[in-house]
Amino acid sequence: KLWRGDEAVEVIGPVRVLHRYVNMPEQSAEFYNETTKKLEEVHGCVPAMGYSFAAGTTDGPGSFAFEQGTTTSNPFWNTVRNFLAAPTNNDISCHSPKPILLATGRMRLPYQWQPKIVSTQIAMIGGVVIAGVPGEFTTMSGRRLRETIKKVMNDASDVETSVILAGLCNVYSDYVTTPEEYQIQRYEGASTIYGPHTLTIYLKQYEELAQAIVQNKSVPPGPPAPELLQSNLITLVPPVLYDTPLWKRNFGDVIQQPEKVASPGNTITASFVAGHPRNNRMTESTFLTVERLEEDEVWIPVATDADWETKFQWRRTSMILGSSQVTITWEIPQDVKPGEYRIRHNGYYRYVLGGVYPYYGVTNHFQVKVPVRRRYGL
């Protein structure tokens, strides 16, 4: 809406960002109870999932006899739950009317099952405010959060503010429903892990962030989130033991060469003798490049595995020998520049006696020709 149509608006103004970690079970907020007509102090809960979570959604139902809208517990499933981790009486009371199926906040093996500390943040670019949220907000929850932020912004300035919710940011804390939606205990309500007033707490947190950002003030960083470094994570994926090339071939050798001549809209295909991609995930790099030859005899990349028109497919050709091959395809875009091209594959192989080593392979050159009619706009 900001840049499309006749009402496009140019975004002009300063850029500011605020971030704060929040321990949700320790938070409190004020909530106006429409039933009692009183202002109440409400609190967050230790994370837990309800029975209706196991029922799944309408388009993907769960197993066993779980149903959405469940607000009573079952002795059998409570016994199973308590074997994993038993909720406290305070947990049960805090999450009511949600019957707790999984006391995820009490589960710590092998890691914390669901976060207690979440990441909240706001970025302001001129009259555009982006709220980075750590969960899936329902439609009505999202509307209430947008209106809360927008009210703070409009009270501070005469400039019309556009508020955008961006998720999921930095951490996943499941669903966020309104207190009314929570009472019904459908799938989303049962998956609102900090209790019936999860949204109430978020509204307070983002209101404070919005007030600080319009006043150009800082906020306390909050309690540090636990560090889940990759080196400390458990993986169930078996390691790569070794790679070997096909008989009488080397890593990077081309098994299937591309066609010699192609046009926009055609798909170029090439296959290579390869190592396992998990030997090096090529972070900040690429498994493939499509290269064009310039007039100074220098090859320049025009596409990588980050481009939509390319595909990188790996498969094992022999589990015993550890042989692999990759197939690279390039769908030639309509605005391609005619010229001489080639495809390059980059990878790493694991030697049977230890060590990981780089390799690469390049195809034969092929010509990309643009039809004369298109070239001259006829």
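Here a biologist asks a modeller about a predicted model, one question at a time.

Biologist: Before we start, what are the ground rules for this model?
Modeller: Residues are numbered from 1 along each chain as its sequence is written, and side-chain values use heavy atoms, with hydrogens and water left out. Local features need pLDDT of at least 70, side-chain atom pairs count only at pLDDT 80 or more, and totals for chains, interfaces and linings use all residues, since what we have is a predicted model.

Biologist: How do helices H3 and H6 run relative to each other, parallel or antiparallel?
Modeller: Helices (H or I, at least four residues) and strands (E, at least two) are DSSP runs numbered from the N terminus. H3 covers residues 139-156 and H6 covers 198-214, and they pack at about 25° with axes 9 Å apart. Axes are lines fitted to C-alpha atoms, for helices over the stretch in contact, and angles run from 0 to 180 degrees between N-to-C directions. Angles under 35 degrees count as roughly parallel, over 145 as roughly antiparallel, 65 to 115 as roughly perpendicular and the rest as oblique, so H3 and H6 are roughly parallel.

Biologist: How many residues of the contact of H3 with H6 are nonpolar?
Modeller: Contact means heavy atoms within 4.5 Å. H3 brings residues including Leu-145, Ile-149 and Val-152, while H6 brings, among them, Leu-199, Leu-203 and Tyr-206. Ala, Val, Leu, Ile, Met, Phe, Trp, Tyr, Cys and Pro count as nonpolar, Asp, Glu, Lys and Arg as charged, and the others, Gly among them, as polar. The contact has 3 polar and 2 charged residues, and the nonpolar ones number 12.

Biologist: Which strands stand at the edges of the sheet with the order S1-S8-S9-S11?
Modeller: This open sheet of 4 strands has mixed pairing, where two strands pair if DSSP finds at least two bridges between them. The twist averages 15° from one strand to the next. Each edge strand has a single partner, so one side is left without a neighbour in the sheet, and those strands are S1 (15-23) and S11 (162-166).

Biologist: What is the bridge partner of Ile-130 in S11?
Modeller: Strand S9 spans residues 128-132 and pairs with S11 in the parallel sense over 5 bridges. In S11, the partner of Ile-130 is Ile-164.

Biologist: Which strands does H6 touch when it packs on the sheet?
Modeller: H3 lies across S8 (117-125), S9 and S11, at about 140° to S11. H6 packs on the sheet too, with its direction at about 40° to that of S8, and the strands touched by H6 are S1, S8 and S9.

Biologist: In the sheet ordered S13-S15-S19-S18, what is the bridge partner of Gln-313?
Modeller: That open sheet has 4 strands and antiparallel pairing. S18 and S19 (residues 323-331) pair over 8 bridges. In S19, the partner of Gln-313 is Thr-327.

Biologist: Which residue forms a salt bridge with Glu-180?
Modeller: A salt bridge is a side-chain nitrogen of Lys or Arg within 4 Å of a carboxyl oxygen of Asp or Glu, and the structure holds 8. For Glu-180, the closest N and O atoms are 3.1 Å apart, and the partner is Arg-144.

Biologist: Where does Pro-97 lie?
Modeller: The peptide bond from Ser-96 to Pro-97 is cis, with omega near 10°. Pro-97 is in the loop between helix H2 (89-95) and strand S7 (100-102).
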